[in-house]
Amino acid sequence: MAGTPQIHYKQNRLKQLRAFCHAAQTGSISEAAERLYLSQPTVSLQIQALERELETVLFERRGPKIKLTPEGETLYKLSQPLVEGMDKLQETFAASCGKLESGELNIAAGESTILYILPEPIRRFAERYPGIRVKLHNVTGRDGMAMLRADETDLAIGSMLEIPDDVTYQPVVNYAPVLITPLDHPLAKKESIQLHDISPYGLILPPHHLSTWRMVDLVFKQHNANYNVTLEAGGWEVIKKYVEIGLGISIVTDVCLTGEEQISTIPLGEYFPDRSYGIVLRRGKFLSPQAKRFLEIVKEVFN
């Protein structure tokens with residue numbers, strides 16, 4: 001019809017965008033090909049065709065690794081939710097019709113979150129959606145962010161002190177900071193303490209690269225108080241046990257306290273802020289029906 005723009009159906013566009021998105025996530029043509037069960041030349045040709053159509057360069061090629069150009073970053077933000085939405089169309093449609101009977105949910109979280117925050121949300125989710133396979137990835141915050149950015153997990157749950165621009169953080173629950181000591185420790189009988197009271201005693205803290213150590217360091221410096229770390233130990237359960245047997249004292253959030261520990265607790269809210277735990281999502285990511293249902297349950301449990 002004269003004057004009417006012709007609309008061409010791009011038969012290969014979805015395949016091209018899918019190849020492009022996987023290459024962007026992995027930083028590698030060969031890894032994208034492995035994910036898609038295609039040959040490396042096929043993936044390269046799909047990306048080159050996309051670049052020709054859009055008249056732009058999408059990747060900087062540096063040896064075996066590739067990096068998005070600014071134009072590539074723009075296309076990735078636009079196309080990734082579309083590709084994932086198309087790939088999960090059947091599940092989304094079924095969920096919209098009230099049926100959510102299969103699929104997978106990937107959650108990245110640290111050990112403390114898995115032990116103390118997630119049991120009840122996971123229990124309710126498994127009870128309501130028994131056909132969905134849940135994968136809990138026990139990782140550090142840094143590794144969880146890497147998985148989130150690579151779309152290897154639907155969401156992460158944990159505590160964040162600094163929030164990067166490419167993610168959103170929705171706090172759902174707060175916990176108070178406390179000092180824990182052995183029952184016979186000189187500080188155990190005090191109802192309240194000053195930071196300088198802690199200085200003479202050895203602290204047991206999580207590894208140096210984790211956020212707890214950074215927070216302790218910041219607060220002590222702000223109050224011109226010294227502190228001494230005599231033992232690094234990963235995981236609140238380990239730290240509590242070592243405090244119990246008299247190897248030191250520690251500063252924890254009360255999320256990890258059950259009341260059954262043989263330790264004394266002293267509030268530190270005067271110096272340390274409450275610690276929030278929440279939902280971490282990559283900006284612009286398509287949320288699967290499984291992830292949406294799980295987020296609803298998390299908010300139901302803690303609100």
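Guide: Let's start with a cut-off: rings of Phe, Tyr and Trp count as a pair if their centres lie within 6.5 Å. This is a predicted model, by the way. With that rule, there are 5 aromatic pairs.

Visitor: Why is the pair of Phe20 and Phe59 called tilted?

Guide: Their centres are 5.5 Å apart, with 50 degrees between the planes. Stacked needs under 30 degrees and edge-to-face needs over 60, so an angle that meets neither is tilted.

Visitor: What makes this pair a link between distant parts of the chain?

Guide: Phe20 sits in helix H1 (residues 13-26) and Phe59 in strand S1 (residues 59-62), and 39 residues separate them. Both Phe20 and Phe59 are buried, too.

Visitor: And why are Phe125 and Phe294 called edge-to-face?

Guide: The centres of their rings lie 5.7 Å apart, so they pass the 6.5 Å limit for a pair. The planes stand at 80 degrees, and because that is over 60, the pair is edge-to-face. This one also joins distant parts of the chain: Phe125 is in helix H7 (residues 119-128) and Phe294 in helix H12 (residues 289-302), 169 residues apart.

Visitor: How do you know whether Phe125 and Phe294 are buried or exposed?

Guide: Buried means under 20% relative accessible area. Phe125 has 1%, so it counts as buried. Phe294 has 0%, so Phe294 is buried as well.

Visitor: Which residues make up the aromatic cluster?

Guide: Phe125, Tyr129 and Phe294 form one cluster.

Visitor: What about Glu162: buried or exposed, and why?

Guide: Its relative accessible area is 62%, and exposed means over 50%, so Glu162 is exposed. Glu162 sits in the loop between S5 and strand S6 (167-175). Its C-alpha is 9.5 Å from that of Ser211, with the two positions 49 residues apart in sequence.

Visitor: Ser211 again: which residues are closest to the centre of the largest pocket?

Guide: That pocket holds about 930 Å³ of space. It is lined by 35 residues, and closest to the centre are Thr140, Gly141, Ser159, Leu210 and Ser211. Elements that each supply at least two lining residues include helix H8 (141-149), helix H10 (211-222) and strand S12 (275-282).

Visitor: What makes up the lining of the largest pocket, class by class?

Guide: There are 16 nonpolar, 14 polar and 5 charged residues. Gly counts as polar here, so Gly141 goes with the polar ones.

Visitor: And what is the make-up of the second largest pocket, by class?

Guide: Its volume is about 480 Å³. Of its 19 lining residues, Glu84, Lys88, Asp151, Asp154 and Lys285 are closest to the centre. Asp, Glu, Lys and Arg count as charged, so those five central residues are charged. Over the whole lining the classes are 2 nonpolar, 6 polar and 11 charged. Helix H4 (70-87) gives the largest share, 4 residues.

Visitor: How do you know that the length of H4 agrees with its residue count?

Guide: At 1.5 Å a residue, its 18 residues should span 26 Å, and the end C-alpha atoms are 25 Å apart, so the two agree.

Visitor: Where in H4 is the kink?

Guide: At Ser79, shortly before the proline Pro81, with an angle of about 35 degrees. Ser79 is also one of the buried residues of H4; among the others are Leu75, Tyr76, Val83 and Glu84.

Conventions. Residues numbered from 1 in each chain as written. Predicted model: local features only at pLDDT ≥ 70, side-chain atom pairs only at ≥ 80, totals over all residues. Heavy atoms only, no water. Phe/Tyr/Trp six-rings, centres within 6.5 Å; stacked < 30°, edge-to-face > 60°. Buried < 20%, exposed > 50% of the residue type's maximum accessible area, 1.4 Å probe, protein only. 1 Å grid on protein atoms, 1.4 Å probe; cavity = no way out; pocket = protein on both sides within 12 Å on 5 of 7 lines; lining within 4 Å. Points joined across faces, edges and corners; volume = space filled by probe spheres on them. Expected span 1.5 Å × (residues − 1). Bend = angle between axes of the 7 residues up to and from the residue.
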